[in-house]
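Reader: I'd like a close look at one part of this model rather than a quick tour. Could you pick a strand and walk me through what surrounds it?

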Amino acid sequence: MLEFLTIENLAVISAAEMEFGPGLNVITGETGAGKSMIVQALSLLRGERASASWIRSGEESARIQALFDTEGLGSAEFLEDPHETALNLERIVREGGKGRVRI
């Protein structure tokens, strides 16, 4: 489950932090407030191809970070400690195309 999301310098979003809880989570706002950029940020974390045009004007990079609770998902063989239940993903998109992904 997605527990926490941080977005910096992605299109119209200069900085946003969101905490999610169990059950239904709803994101609302006016047109142009950046709701679709939240979905885009999650797509970038999933591995979608990034574009430097998504970086906020005047900034050198955009950063998306998410914390997931993996408890109850079964085998977590990709984690160093199989008893660990937190997964932290971070993606940095840079103007020159030299981005970075961290797990």
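Author: Here is a walk along strand S1 and its surroundings, in what is a predicted model.

Let's start in the middle of the strand. S1 covers residues 2–10, and Thr6 lies in it. Is Thr6 buried or exposed? With a relative accessible area of 9%, Thr6 falls under the 20% cut-off, so it counts as buried.

What does Thr6 touch, then? Leaving out residues up to four places away in sequence, its contacts are Ala16, Glu17, Arg63, Ile64 and Gln65. Two of those names come back when you look at the strand pairing. In S3, the residue opposite Thr6 is Gln65, while in S2 its bridge partner is Glu17. Zooming out a bit, S1 and S3 run antiparallel and are joined by six bridges. S1 and S2 are also paired in the antiparallel sense, again over six bridges. The link from S1 to S2 is a hairpin with two residues in between, and one residue in that turn, Ala11, has a positive phi of about 55°.

Now for the end of the strand. Leu10 touches Met37, Ala41, Leu44, Trp54, Arg56, Ala62 and Ile64, once residues up to four places away in sequence are set aside. Leu10 also belongs to the largest nonpolar core, a group of 20 residues, and is among those with the most contacts inside it, along with Leu5, Ile7, Met18 and Ile64. Two or more core residues come from each of S1, S2 (13–19), H1 (35–46), S3 (61–69) and S4 (86–94). H1 supplies the largest share, five residues. As a general backdrop, nonpolar side chains tend to be buried together in soluble globular proteins.

That makes the helix worth a stop of its own. Which residues of H1 are buried? They are Met37, Ile38, Gln40, Ala41, Ser43, Leu44 and Leu45, so Gln and Ser side by side with nonpolar residues in that list all come in under 20% relative accessible area. The buried residues of H1 pack against S1, S2, S3 and S4, and three of the names listed for Leu10, namely Met37, Ala41 and Leu44, are on that buried list too. As for geometry, H1 has twelve residues and reaches 18 Å from first C-alpha to last, close to the 16 Å expected at 1.5 Å a residue. After H1 comes Gly47, with a positive phi near 115°.

So, back to your strand: Thr6 has partners in S2 and S3, and Leu10 makes contacts that include Met37, Ala41 and Leu44.

Terms used: Residues are numbered from 1 along each chain as its sequence is written. This is a predicted model: local features need pLDDT of at least 70, side-chain atom pairs count only at pLDDT 80 or more; totals for chains, interfaces and linings use all residues. Side-chain values use heavy atoms; hydrogens and water are left out. A nonpolar core is a set of buried Ala, Val, Leu, Ile, Met, Phe, Trp, Tyr and Cys residues joined through side-chain atoms within 4.5 Å. Buried means under 20% relative accessible area, exposed over 50%, partly exposed in between (1.4 Å probe, protein chains only). Helices (H or I, at least four residues) and strands (E, at least two) are DSSP runs, numbered from the N terminus. Contact means heavy atoms within 4.5 Å. The expected span of a helix is 1.5 Å times one less than its number of residues. Two strands pair if DSSP finds at least two bridges between them.
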